[in-house]
Amino acid sequence: MSLLDIKDLRVEFPTRRGVFVAVEDITLSVAPGEIVGVVGESGAGKSTIGNAVIGLLEPPGHVARGELTLEGQRINALDRSGVREMRGRRIGMIFQDPLTSLNPLQPVGAQLIETITTHLSLDARAARSKALDLLTRVGIPEPEVRMEQYPHQFSGGMRQRVVIALALCADPEVVIADEPTTALDVSIQAQILDLMRELCRERSVGMILITHDMGVIADVTDRVVVMYRGRVVEMGATADILGEPEHAYTKSLISAVPRPDIRLHRFPLVEYIESAGDARGNLDIETHWLGQNRDFAEHDGPLLQLDDLCMRFITRRGFTAATRKFLDAVKDVSFAVEPGEVFGLVGESGSGKSTVARMVAGLHRPTSGRIHFAGAELTALKAERELNRYRRQMQMIFQDPYSSLNPRMRVLDIVAEPIRFHKLAAGRQATREVVLDLLEHVGLGKAAAVKYPHEFSGGQRQRISIARALATRPRFLICDEPTSALDVSIQAQILNLLKDLQEELGLTMLFISHDLPVIRQMCDRVGVMRHGQLCEVAETETLFESPSHEYSRHLLELMPKLSGLSRQGLDAE
Amino acid sequence: MSVPSSDSETQTWWQRIADSDVFYSFTHSPLALAAAAVTVVFVLAALCAPLIAPFDPFDPSQISLWDGKKPPAWEADGDPAYLLGTDNQGRDMLSTILYGGRISLAVGFASVALGMVLGVGLGVISGYLGGWFDAVIMRLADVQLTIPGILTAILINGILRSVLPPELRDELAIYVVILAIGLSDWPQFARVARGATLVEAQREYVQAARVIGLGPVTIMLRHILPNVMRPVLVLATIGLALAVIAEATLSFLGQGVPPTTPSLGTLIRVGNEYLFSGLWWITLFPALALVILVLAVNLLGDWLRDALNPKLR
């Protein structure tokens, strides 16, 4: 018998431009002890389902049609007190960010006890021992001590364990987990998922697990529901769906996942997701502006060379040396990038890889060490004007597509700015034509020029960023986590685009990412960074097949294996 | 979850405004509409004062002491020619209020503009450059903020007046007041602009501009300035109301514009002397005009602050 039943669910958000249907015709059920995964891109309506079940739809959103039943009892027509009783008591919820779902001013134990006594008729002593028991159960060492501590004294993974304990306080029958591991590091993610799976089995709790991550789906779910634009496109046992997807959308979603074990030439089948709409325009690079007049001085040897680069941030100022505090963000980093090569930098957050990129781009001045670019020592150049010659040859693509474009400028002006500044085209009309061609070349279409950035999705914005970077006709491109803020499917498109451009224009790239599978798809050689130092530099294939440094081996072990995913249509390089 | 907006290619700037969320919220807020209507009426009345006022209070040939101290028209011995009565010199109250509002609003707009240009300029430069410039400017602002704005204005006003030759004092009085209020106003703008600049300067579009090679002046003008104007606009609206009050206060204290070209504050001060002689209308009507104007502008500012705050939507 199923525990939670969702039948024909339709959720509407009335807006001033008409009714927006967030999800429609959703029918799914959860059995005791079963984990049902809901997967899809952002905006597909995954979270709306969870919020509708627990009655947390943000007004004016509401359930317009359909039935939600928990053990045969209708739950979507309850009054306020009914909803409150059901929430927490019968349905638990785990949110994405463990920091904001805990009260920072209350010890963890008090929060647990409060939740327990609210829902269960237990006295203080019994509630305390239950709280202790729960903390032990979710794997928190020394629960007696931890009970008295505040959320900020816990690490991210430990905090998420507390949130799980909190959701299980009242012995709910169903738990809804909305992206429970997205905010965590890969190593902790695996532990949390194991824990959730174990607890569900053991307590016969049914779980809806909402995620965009195919790796999470493959790891823990029994059944999976694939959503696309508010509708279910495919549903079934996880192994079947991931191994032999039937719907074209599921196929493209699976093929868009970067694989840790093979290197693809391009990601296949991403056309289904292409919300950008326009196909890439074809430019004849030989004759077009973009390919012309690349008046770079010829020079032998590596295009970029870093020698003993150091960056020290002052974290506390002081008059005497004893009171000053420093952070060595980058320490003695040396490597060289050959012309035409894609060089990857990989490492956990805080390892200093972005700082290296910023120093190369001239955003930070290194504390010591030298940067040679095309034979010139950039670190020796003082005048801005001298640097501008090299700035034109070197451009950067940033991580966050939502903050990397000036919201007050039209796309035309954003892309035209570098052309105007470096006087690369003759006159207004010529500039305009170059910009339109560039926009078409990155797959946006000419019509994009007159719009403002807020009218575009994250992937489209990243295309605008790429067009702006290409507008100086650079030969060296720095990509600082260019896809980590994007959905997997959009990521595949952007990576394809970068690969195409790199081949067409013969670009040299410094590609920075924390995501090993992405690095494997993109890079020729890779440097592994940890605590501001470079551990290992190796050919990509060598690194992935036989890493020599201990830390590289550790990173590779943590990488999700994704072996159950269909390999249909993938062509290895 | 965004609802696709209509195609922006064919939109003119006016359609773009009419289509925006802020405009929508404006047309759906009765309070904002009423406040805007009152403000517009006041501004229009002030602009058109020479056309609509029944008398010219600055023309001595139209003034007769015989007509002085007349109560409003509806009172027992009121004269229908003087709707709101006359003051001690025989000037028509309605006309003087219209002309007075003109001066009050002019001083308000001009001093806010001065404070805004000065404050936003210094604030953006401080926020973007940082270092010693930032430290000096912001400590200066802190010091000025420890003194109430009106005291600063009186101080600046007093110094400027004593510097000016006596024969120019009345002529230049209005500019002195504008300067005094504008200079007492800038720290607010500087702080808000600096705070917004600190946030914007961290954003990646500013870094992208640096990678392109743009210099600090271009980055501040083209990239940062347009993006810090939202909170500044809110502050300016509320600042307008405060500046009108500041002008009235200065004039009430006899430090503002002279009685020969009266502002609302001057009228209130003049009327105040006759309040206990039963001539209530000389003070009440200018005071009412001032209260309604300031209230309307303030409500407009409050609404603007809420409408532009994404967290409250």
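Of the 313 residues of chain B, 42% count as buried. A residue is called buried if 20 or more other C-beta atoms, placed from the backbone, lie within 10 Å of its own, exposed if 12 or fewer do, and partly exposed in between. This is a predicted model, in which local features need pLDDT of at least 70 and side-chain atom pairs count only at pLDDT 80 or more, while totals for chains, interfaces and linings use all residues. Residues are numbered from 1 along each chain as its sequence is written, and chains are lettered from A and ligands numbered from 1 in the order in which they are written.

The secondary structure of chain B consists of 12 helices and 0 strands. Helices (H or I, at least four residues) and strands (E, at least two) are DSSP runs, numbered from the N terminus. Along the principal axes, the C-alpha atoms of chain B fill a box of roughly 75 × 50 × 30 Å. Among the contacts in chain B with a separation of 6 or more, 69% are between residues 24 or more positions apart. Two residues are in contact if their C-beta atoms, placed from the backbone, lie within 7 Å.

The next topic is where the chains touch. Chain A gives 31 residues to the contact and chain B gives 19 residues. On the side of chain A that touches chain B, the elements giving two or more residues are strand E1 (4-15), strand E2 (18-30), helix H12 (384-391), strand E16 (394-397) and helix H13 (411-421). The residues on this side of chain A divide into 13 nonpolar, 8 polar and 10 charged. Here Ala, Val, Leu, Ile, Met, Phe, Trp, Tyr, Cys and Pro count as nonpolar, Asp, Glu, Lys and Arg as charged, and the others, Gly among them, as polar.

In chain A, 4 strands form an open sheet in the order E2-E1-E4-E5, with antiparallel pairing. The edge strands are E2 and strand E5 (73-74) of chain A, each of which pairs on one side only. Two strands pair if DSSP finds at least two bridges between them. E1(A) and E2(A) pair in the antiparallel sense over 9 bridges, and A:Asp5 has A:Ser29 in E2(A) as its bridge partner.

Some backbone angles of chain A are listed below.

| Residue or bond | Angle | Place |
|---|---|---|
| A:Asp25 | positive phi of about 55 degrees | strand E2 of chain A |
| A:Glu71 | positive phi near 45 degrees | loop between E4 and E5 of chain A |
| A:Pro59 to A:Pro60, cis peptide bond | omega near 5 degrees | A:Pro60 in the loop between helix H1 (46-54) and strand E4 (62-70) of chain A |

A:Asp25 is partly exposed, because 14 other C-beta atoms lie within 10 Å. A:Glu71 is partly exposed as well, with 14 other C-beta atoms within 10 Å.

Chain A also has a helix pair to describe. The axes of helix H3 (residues 108-119) and helix H6 (residues 156-168) of chain A come within 9 Å and cross at roughly 15 degrees. Therefore H3(A) is roughly parallel to H6(A). Axes are lines fitted to C-alpha atoms, for helices over the stretch in contact, and angles run from 0 to 180 degrees between N-to-C directions. Angles under 35 degrees count as roughly parallel, over 145 as roughly antiparallel, 65 to 115 as roughly perpendicular and the rest as oblique. The contact involves A:Val108, A:Gln111, A:Leu112 and A:Thr115 of H3(A) and A:Val162, A:Ala165 and A:Leu166 of H6(A). These residues divide into 5 nonpolar, 2 polar and no charged.
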